[in-house]
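Trainee: Could you take me through one loop residue up close, then walk outward from there? I'd like to see how one spot ties in with the rest.

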Amino acid sequence: MTQKNGKKLDNTGWSRLSTLLTHSARPKPPSEGVFVNGPVTRGSTVLFPTVKDLNSNDEKRYNHELTYGAMGNDTQFSLEALIAAIEGGQHAQIVGSGLLACTFALQAFLKSGDHLLLPDSVYGPTRRFALKTLSRFGIETSFYPPLAGEEELKSFLKPNSAVIFVESPGSHTFEVQDIKMIARLAHENGAKLLLDNSWGIGAFQPFEHGVDVSIQALTKYPSGHSDVVLGAVTVADKADWKCLRDEAIYMGLCASSDDCWLTLRGLRTMALRLEKQSETAYDLAVWLKSRPEISMVRHPALPECPGHEFWKRDFHGASGVFGVELQSDVSLSAMENMLNNLHYFGIGASWGGYESLVLPTQGSITRCYKSGVPQNAAFRLQIGLESYEELRQDLERGLESLKTK
Ligand SMILES: *Cc1c(COP(=O)(O)O)cnc(C)c1O
């Protein structure tokens, strides 16, 4: 074989090289010692010792065992086991984003001709998926007030209501829902109860309260460093797992090993971060409540938060994200000016990282609610790991600036 540059490499040379490249430095059987952390496992093809082993894949797909890369890998399975343990469920499926966890779970439990109930306070993109995508497949959605009592909620139910979705507390407006009552109503009507439990991770045990399917944006506290986008769906029941897992297989849903590994790493310190962030957030919420510029603080641990009694009854703790509403005489532009000039609070979406964030929420509040919610300028705070005193002073300077506008 002659190369362009005239150099010769005979067939023996090529074949020796290609065999070497293919078969050297491959995984070894485990030795006695192990690292504290598992590796990032990457892969598409899984090799089996025999054809019989290859053909036994069907059952393995439901048991978090290696069959093919798109069905998961060891890094993903480790994360799935940890999320299921945190949520108190049996099985979790990791997918590429928190939003995908919401949309895929809805897709798994709904079919054409079904009716879906979404709370009016739901995360905006989940609302959009119902209106833009599910509607194209013949699934009708009704929006119910998150704090609807039993009789009012019953009036939204139809014979074909297959899923009641809850998000507690609600994005931006922080209503805590009466999950126990909603679960009973759902099950009496043969519907599944799906919960977006992103805010309540570790503080709300969904399956103890009758939830069938629990959804997590792992992007938030679990990964914890604003460098990963990932989601999880957890179930406690075997038949629900079959339904969910089938949908993941049919759709080809999988996640990046690197993102799973980063999330596992983040989770090791999540309890510490949550403890600190939740304490600073609560202290700031109490302080903000005392300020004359503020009409309401929507923090589930404060009695004035809508649904506070359900938080008290059902939750072990609060996270570090809450809403603030300014007095009605504060204009939107004055608020924007205040937010632009905060020193420690970045302006941006998402939450659960180590750094503090602020997000104006007034637009989404008026968009979601038909009535009954004040139209004041409002924002949401995500409290990071900075010191209480520095964050308080930053907010104080901001609130003082409202007076001069
Ligand atoms: C952030 C968030 C999501 C979406 O998560 P991504 O990973 O950003 O797609 C879903 N639900 C709630 C309540 C969220 O806060």
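To start with, in the loop between which strands is Ser350 found?

Mentor: Ser350 is in the loop between strand 10 (346-347) and strand 11 (357-360). Keep in mind that this is a predicted model. The backbone is the thing to look at here: Ser350 isn't a glycine, yet its phi is positive, about 70°. As a rule, most residues other than glycine have a negative phi. Its relative accessibility is 29%, and Ser350 therefore counts as partly exposed, since that class runs between 20% and 50%.

Now follow a contact outward. Lys220 touches Ser350, along with Trp351 and Gly352, if you leave out residues up to four places away in sequence. Lys220 comes from another loop, the one between strand 6 (213-217) and strand 7 (231-235). You may not expect this of a lysine, but Lys220 is buried: its relative accessible area is 11%, which puts it under the 20% cut-off. Its C-alpha is 10 Å from that of Gly266, a residue 46 places apart from it in sequence.

Gly266 turns up again when you look at Ser223. Ser223 sits in the loop between strand 6 and strand 7, and it is buried, because its relative accessibility is just 2%. Beyond its neighbours within four places in sequence, Ser223 is in contact with Leu218, Val228, Thr263, Gly266 and Arg273. Arg273 falls inside the 270-289 range of helix 11, and helix 11 is one of the elements that cover the buried residues of helix 15.

That leads to helix 15, which takes in residues 388-403. Helix 15 has 16 residues and reaches 23 Å from first C-alpha to last, close to the 22 Å expected at 1.5 Å a residue. Its buried residues are Leu391, Arg392, Asp394, Leu395, Gly398, Leu399 and Leu402. They lie on the same side of helix 15, because the arc they cover around the axis is only 160°. Besides helix 11, the cover over them includes strand 8 (294-298), strand 9 (321-326), helix 13 (332-340) and strand 12 (378-382).

Back to backbone oddities, as Ser350 has some company. His172 is another non-glycine with a positive phi, in this case about 75°. You'll find His172 in the loop between strand 4 and helix 8, and it is buried, since its relative accessible area is 18% and the cut-off is 20%. Pro169 has its place in the loop between strand 4 and helix 8, and the peptide bond from Ser168 to Pro169 is cis, with omega near -5°. For reference, most peptide bonds are trans.

Helix 8 itself (residues 179-188) has Ile179, Met181, Ile182, Ala183, Leu185 and Ala186 as its buried residues. Among the elements covering them are strand 3 (140-144), helix 7 (150-154), strand 4 (161-167), strand 5 (192-196) and helix 12 (308-314). After helix 8 comes Gly190, whose phi is positive, near 70°.

For contrast, try Pro303, in the loop between strand 8 and helix 12. Pro303 counts as exposed, because its relative accessibility of 63% is over the 50% mark. The C-alpha atoms of Pro303 and Arg61 are separated by 46 Å, with their positions 242 residues apart along the chain.

One more stop is the second largest pocket, at about 350 Å³. Its lining is made up of 14 residues, and Arg42, Gly43, Thr45, Val46 and Leu66 lie nearest the centre. By type, the lining divides into four nonpolar, seven polar and three charged residues.

Zooming out, the chain has 15 helices and 12 strands. Its C-alpha trace spans about 85 × 55 × 45 Å along the principal axes. Of its 405 residues, 53% count as buried. Among contacts with a separation of 6 or more, 71% link residues 24 or more positions apart, and the contact you started from, Lys220 with Ser350, joins one loop to another.

Technical notes:
Residues are numbered from 1 along each chain as its sequence is written. This is a predicted model: local features need pLDDT of at least 70, side-chain atom pairs count only at pLDDT 80 or more; totals for chains, interfaces and linings use all residues. Side-chain values use heavy atoms; hydrogens and water are left out. On a 1 Å grid over the protein atoms alone, a cavity is a set of points where a 1.4 Å probe fits but cannot get out, and a pocket is an open set with protein on both sides within 12 Å along at least five of seven lines; lining residues have an atom within 4 Å of a point. Grid points are joined across faces, edges and corners, and a volume is the space filled by probe spheres set on the points. Ala, Val, Leu, Ile, Met, Phe, Trp, Tyr, Cys and Pro count as nonpolar, Asp, Glu, Lys and Arg as charged, and the others, Gly among them, as polar. Helices (H or I, at least four residues) and strands (E, at least two) are DSSP runs, numbered from the N terminus. The expected span of a helix is 1.5 Å times one less than its number of residues. Buried means under 20% relative accessible area, exposed over 50%, partly exposed in between (1.4 Å probe, protein chains only). The arc is that of the directions from the helix axis to the C-beta atoms. Contact means heavy atoms within 4.5 Å.
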